[in-house]
Amino acid sequence: MTKARNEKQSAIGAQLGANRVVSLGRSQSQGPLDWVLLGQELAGRLIPVGGRPSDPAWDIQRLVPFNSKTWTRLKKLATRLSRSGRKVSPAQLASSLIERELGRLRT
């Protein structure tokens, strides 16, 4: 687990009044707290740089095909993760999810 993710989980635990935070390892997103964590991750990554907020580490743009059902789901999830003044696009969400999952894979 990354240090930043561990700190975010500890912050959520503190907000919930937890005495300790137990890592569940590499489990799939299962519940609302995972979405809170993803929303916090995106809020910290997407920085305003003149136009739409973006992750400054993203230095390559590529076209990635999606089927319409997946794109519709990404749009709905991106809307739910957006906050006032900080809109998350479906493509930004997809990119973040790809990077997150690649980080979990063993090489």
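Q: A nonpolar core is a set of buried Ala, Val, Leu, Ile, Met, Phe, Trp, Tyr and Cys residues joined through side-chain atoms within 4.5 Å, where buried means under 20% relative accessible area (1.4 Å probe, protein chains only). Which helix gives the most to the largest nonpolar core?
A: This is a predicted model, in which local features need pLDDT of at least 70, side-chain atom pairs count only at pLDDT 80 or more, and totals for chains, interfaces and linings use all residues. Residues are numbered from 1 along each chain as its sequence is written, and side-chain values use heavy atoms, without hydrogens and water. The core has 10 residues: L38, L42, L46, L74, L77, A78, L81, V88, L93 and A94. With helices taken as DSSP runs (H or I, at least four residues) numbered from the N terminus, the most, four residues, comes from α3.

Q: Is Q92 buried or exposed?
A: Q92 is placed in helix α4, residues 90–104. Its contacts (heavy atoms within 4.5 Å) include L42, W58 and K87, leaving out residues up to four places away in sequence. Because its relative accessibility is 6%, Q92 counts as buried.

Q: What volume does the largest cavity have?
A: A cavity is a set of points on a 1 Å grid over the protein atoms alone where a 1.4 Å probe fits but cannot get out; lining residues have an atom within 4 Å of a point. The largest cavity is lined by G39, L42, A43, L81, R83, R86 and V88. Counting the space filled by probe spheres set on the points, with points joined across faces, edges and corners, the volume of the largest cavity is about 40 Å³.

Methods
Helix = DSSP H or I, 4+ residues; strand = E, 2+ residues; numbered from the N terminus. Buried < 20%, exposed > 50% of the residue type's maximum accessible area, 1.4 Å probe, protein only. 1 Å grid on protein atoms, 1.4 Å probe; cavity = no way out; pocket = protein on both sides within 12 Å on 5 of 7 lines; lining within 4 Å.
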